[in-house]
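Trainee: Hi! Could you walk me through this one? I'd like to start with the ligand.

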Amino acid sequence: MLEFYYKMRITVLTGAGISAESGIPTFRGEDGLWEGFKAEELATPEAFERDPIKVWEWYCWRREVIGKVKPNEAHKILANWQGKYDLWIITQNVDGLHQKAGSKKVVELHGNIWRLRCSKCGRVWEDREACRKIPPRCSCGGLARPDVVWFGEALPEWALRKSYELAGASDIFIAVGTSGIVQPAANLPSIAKSFGAKIYVINPEPTIHSEIADIFIQDKASTGLRRLDEALQDKRPS
Ligand code: APR
């Protein structure tokens with residue numbers, strides 16, 4: 001007999017909070033400052049134009065932190081959900097830790113810190129050694145910048161389109177470790193809700209998303225996802 005097995009469509013939006021337990025400071029937490037600068041002061045095209053070396057020094061510090069850390073239990077639980085659910089991860093993080101944990105279907109809304117983009121010819125490439133000599137340059141001679149989305153910049157078209165598509169077609173939409181302050185990612189849970197998804201929010205403190213959540217799990221990413229993992233197990237067909 002042909003068995004039809006429906007896999008729940010789950011979309012997970014992640015932010016800096018999911019990587020906090022790996023040791024990466026969040027953007028708006030107390031330890032998110034670098035040499036007294038806020039992310040908003042450095043992650044802009046204007047800052048790069050004014051002082052590319054300062055911006056690169058900040059990114060080199062972040063690369064050093066990110067290069068040393070490992071995915072934590074929260075990243076691993078999500079990687080493990082791939083086989084169980086029809087799962088996509090939409091991340092605002094540029095650290096690549098979801099992929100390092102084994103997740104394949106990841107939409108990087110804000111780019112990836114290990115990639116570079118030429119500000120002259122637009123070429124994109126990965127270079128883990130870019131901080132040996134800053135600012136790095138492209139083979140065309142142009143100044144290379146991190147291939148990440150800065151304040152005031154548009155998001156990659158494919159990533160944005162895919163995110164809206166996923167928000168509109170999820171049974172469950174989960175936001176983990178994001179303050180919900182930065183648009184357009186911050187809109188995704190309410191879009192998902194308007195299309196009928198059940199909204200879960202996992203965060204140690206209330207956020208704009210917890211206000212619209214069907215279920216708010218006020219917890220860290222690792223323990224919150226472990227609790228949700230157990231709760232969802234009970235809903236799967238045996
Ligand atoms: N587990 C889960 N969430 C946590 C944890 C933890 N262990 N520790 C902190 N948090 C929560 C904080 O309470 C906060 O709500 O993670 C959230 C992090 O918020 P932000 O620092 O604002 O990070 P994020 O939402 O990812 O920022 C969005 O802003 O600066 C830009 O481009 C950058 O992608 C970033 C975007």
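Mentor: Happy to! One term to begin with: a pocket here is an open set of grid points with protein on both sides within 12 Å along at least five of seven lines. Keep in mind that this is a predicted model.

Trainee: Okay, so which pocket does the space taken by the ligand correspond to?

Mentor: The ligand's space is the largest pocket.

Trainee: And how many residues surround the ligand?

Mentor: There are 20 around it, and the closest are Ala 16, Arg 28, Thr 178, Ser 179 and Ala 221.

Trainee: What kinds of residues make up that shell?

Mentor: The shell has 7 nonpolar, 9 polar and 4 charged residues.

Trainee: Which backbone atoms lie by the ligand's oxygen atoms?

Mentor: A backbone N or O atom of Phe 27 is 2.9 Å from a ligand oxygen. For Gln 92, a backbone N or O atom lies 3.0 Å from an oxygen atom of the ligand. Ala 221 has a polar backbone atom 2.9 Å from a ligand nitrogen.

Trainee: How much of the ligand does the protein bury?

Mentor: The protein buries 90% of the 740 Å² that the ligand exposes when taken alone.

Trainee: Why does the ligand lie between the two domains?

Mentor: Because domain 1 (1-22 + 71-110 + 154-238) and domain 2 (25-68 + 117-148) both give residues to its shell.

Trainee: New topic: how many cavities of 30 Å³ or more are there?

Mentor: A search of the whole structure finds 1. The largest cavity holds about 210 Å³ of space. It is lined by 17 residues, and the closest to its centre are Ile 24, Pro 25, Thr 26, Phe 27 and Arg 62.

Methods: Residues are numbered from 1 along each chain as its sequence is written. This is a predicted model: local features need pLDDT of at least 70, side-chain atom pairs count only at pLDDT 80 or more; totals for chains, interfaces and linings use all residues. Side-chain values use heavy atoms; hydrogens and water are left out. A residue is near a molecule or strand if one of its heavy atoms lies within 4 Å of it. A polar contact is a pair of N or O atoms within 3.5 Å; within protein, one must be able to donate a hydrogen and the other to accept it, and residues adjacent in sequence count only if both atoms are side-chain atoms. Accessible areas come from the Shrake-Rupley method with a 1.4 Å probe; for residues, only the protein chains shown count as cover. On a 1 Å grid over the protein atoms alone, a cavity is a set of points where a 1.4 Å probe fits but cannot get out, and a pocket is an open set with protein on both sides within 12 Å along at least five of seven lines; lining residues have an atom within 4 Å of a point. A molecule sits in a cavity or pocket if more than half of its atoms lie within 2 Å of its grid points. Ala, Val, Leu, Ile, Met, Phe, Trp, Tyr, Cys and Pro count as nonpolar, Asp, Glu, Lys and Arg as charged, and the others, Gly among them, as polar. Domain bounds come from an automatic or database domain assignment. Grid points are joined across faces, edges and corners, and a volume is the space filled by probe spheres set on the points.
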